[in-house]
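Here is a short walk through one protein model, helix packing first and confidence later. Have the structure open while you read.

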Amino acid sequence: MYLGVIPSVVNCHLLWQERDKPGVIWFILSMATGGLWSLLFATFTLIPDPQLTLAVANFFWVMIPTAAVTLFLLAYEFVFKQTVSRTVVYVLFSPILLLFVISWVNPYELVFTSAYYATADGILHFPIFDGPIKFLVTKVYGYLLVFLAAGMFVGELLRTSGTQRRQTVYLLVVFSMLVGSTVVKVVGLVPIYFDPTSVLYSCSGLFFAYSIREHGLLKFVPVAREQTFEEITDPIFVVNSAGYIVDANQSGHQLSGRRLIGTKLEEFICDASVLSDEETTDVIKLAVNGGTRTFSIETSAISYGRGVTGKIVVLSDITALKEREEELDLLKQVLSRIFRHNIRNDLNVIAGFAAIIRDSTGGETAQSAGRIHTRAMKVVEQAAKARKIETVLSYSETDRRSLNEYLLKLRQNVPAEFLKSVSFDVDDVVVDAHPRFDLALAELIENAVSHHSGDEPIAVRVTTDVSPSEVTIIVEDNGPGLPPSEFAVLEAGEETDLEHGSGIGLWLVYWIVSRSDGTLSVEASDSGTQVRIRLSRPDAAADR
């Protein structure tokens, strides 16, 4: 029976470094309790002094319910993957503390009856059913917790698979052996001086030692274990803090074509940059089934137990999306180069010859040449705006700048003939906007000036309306008003065959405002057009 202590010590040593993980600390305490159980039973059996035998036995009796409590807590944390609170632990151990304290005075035979005694040579005699407190704590309370723990293990066995199920089987088999040995002792099938529990602890200890070393029992606790984890088509890997894969869903196993559990993630992914401690997103290429596939990889940190950390790595196959993106990028480069250079240069030549014909002839020929020149220059102008849109779409972040900075850039880039009819009354506030927000203002001003008609002088006003949380930039003119079809296209968010704008200038404004997380609204009437752009104020909290 003394030998039953050795496997307990070995298992406690093997798992001590893993004590922060759910269930492990209670498994260690369960092993320690089993070792003390064997040690105390063997000791009070050998002691020849009756008083010393009774004293050692008082320590022994609390080991039985303590083993039940530790097994129950082991089952709970192993199944639910969360640690129990200290309050729950204190409540569960309080009946054991009560038993231990009262056992030394035994008032009204609450713990031991007259049938409980030690002979002159130190042999302890104890009935199966003793005092009420001892019976309730060691028998009723202890076995109730044992059966609850067994139920949790059985439920976990039925609803899990893979590593979790194997670990559950290990625990349930040994758990059943220990319970069975205790029953054998209680019903008196073995001599009073022999406790089979200590012998089974020795056997189970060796079994546990093998499972811990070869199969990582309780070391690698799967985090994602529900059915959805297996059914997700994206490969998912659970990685511990040392970088080893401890679990993977079916897609993960199929992707690799080889055993992954217990191997380094770098061996499979070969990209240490995505394994940082912070949540990251990256793109990698992997050789899969004789070809190369592109995956987006998302790595997020997880924590469980008592300060244990790890990672969940999710791979999403974006090969088709990446190929489409590269094709569109190539198409954009080709069209942009042709549109900006070839067509633009040819249109400039056409416009030049049209101007020569217009200036050197008269009548209908000169008028037609003039119209050709006007149309050609309009297309050249649209090409320039298309280039601006390409520049706008290349920015994905916003800047925090003063409105005056954007107005300064506007004055530098807009021709003087457009600005001479514009008045500015703008508050110097900081806005969160697209880095080229000045292009939106310039387009609105140029559009108002270019499309003005009538005898009334051109008048364009740029003002602001500031509130604690946002600023509204207002561009208004006294022109004929923006046709409803122009802004209707922007509200729809697309151009159709039946409804389209006359140019791309307003699309330029629309995209800049959208990428500034702002809103754009237009009010048009016979007396003019008012365009309102609402932007957020990042310094609003500081102002308050």
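## α13 against α15

In this predicted model, helix α13 (residues 403-413) packs on α15 at an angle of about 55°, and their axes are 9 Å apart. That angle makes α13 oblique to α15. The crossing of the two is right-handed.

As for who touches whom, α13 brings Leu 403, Tyr 406, Leu 407, Lys 409, Leu 410 and Asn 413, and these meet Phe 437, Asp 438, Leu 441, Ala 442 and Ile 445 in α15. Sorted by class, the contact of α13 with α15 has 8 nonpolar, 1 polar and 2 charged residues.

## α15 against α17

α15 has another helix to deal with: helix α17 (residues 505-514) packs with α15 at an angle of about 145°, axes 9 Å apart. Here α15 passes α17 in a left-handed crossing, whereas the crossing of α13 and α15 is right-handed.

On the α15 side you'll find Phe 437, Leu 439, Ala 440, Glu 443 and Leu 444; they meet Gly 505, Leu 506, Val 509 and Ile 512 in α17. The class count for the contact of α15 with α17 is 7 nonpolar, 1 polar and 1 charged residues. Phe 437 turns up in the contact with α17 and also in the one with α13.

## The sheet under α15

What does α15 lie across? Helix α15 (residues 437-450) lies across β9, β11 (460-466), β12 (470-477) and β14, and runs at about 25° to β12. These strands belong to an open sheet of 5 strands with mixed pairing, in the order β9-β11-β12-β14-β13. The edges are held by β9 (422-425) and β13 (519-525); each has a single partner strand, so one side of each is left without a neighbour in the sheet. From one strand to the next, the twist averages 15°.

For a look at one edge, take β13: it pairs with strand β14 (residues 528-536) in the antiparallel sense, over 7 bridges. Within that pairing, Ala 524 stands opposite Thr 529 in β14.

## α3 and α5

Elsewhere in the chain, helix α3 (residues 50-80) and helix α5 (residues 132-159) pack at an angle of about 25°, with 8 Å between their axes. The two are therefore roughly parallel to each other, and their crossing is left-handed. The residues of the contact of α3 with α5 divide into 21 nonpolar, 2 polar and 3 charged.

## Two positive phi values

Most residues other than glycine have a negative phi, so a couple of loop residues deserve a glance. Asn 106 is one of them, with a positive phi near 50°; its place is in the loop between α4 and β1 (117-118).

Asp 517 is not a glycine either, yet its phi is positive at about 55°. You'll find Asp 517 in the loop between α17 and β13, and that loop thus links a helix packed on α15 with an edge strand of the sheet.

## How far to trust it

The mean pLDDT of the protein chain is 79, and 80% of its residues reach 70 or more. Where in the chain is confidence highest and where is it lowest? The top is helix α4 (residues 86-103), at 95, and the bottom is helix α18 (residues 540-543), at a mean of 50.

Two stretches call for some care. Over residues 220-225 the pLDDT stays under 50, and the model has 21 contacts for them beyond four places in sequence. Over residues 494-502 the pLDDT is also below 50, and this stretch has 13 contacts in the model beyond near neighbours in sequence. Where pLDDT is low, the predicted coordinates should not be read in detail.

Notes:
Residues numbered from 1 in each chain as written. Predicted model: local features only at pLDDT ≥ 70, side-chain atom pairs only at ≥ 80, totals over all residues. Heavy atoms only, no water. Pairing = 2+ DSSP bridges. Helix = DSSP H or I, 4+ residues; strand = E, 2+ residues; numbered from the N terminus. Axes fitted to C-alpha atoms, helices over the stretch in contact; angles between N-to-C directions. Contact = heavy atoms within 4.5 Å. pLDDT = per-residue confidence, 0-100. Parallel < 35°, antiparallel > 145°, perpendicular 65-115°, else oblique. Left-handed = near helix turned anticlockwise from the far one by under 90°. Nonpolar A, V, L, I, M, F, W, Y, C, P; charged D, E, K, R; others polar.
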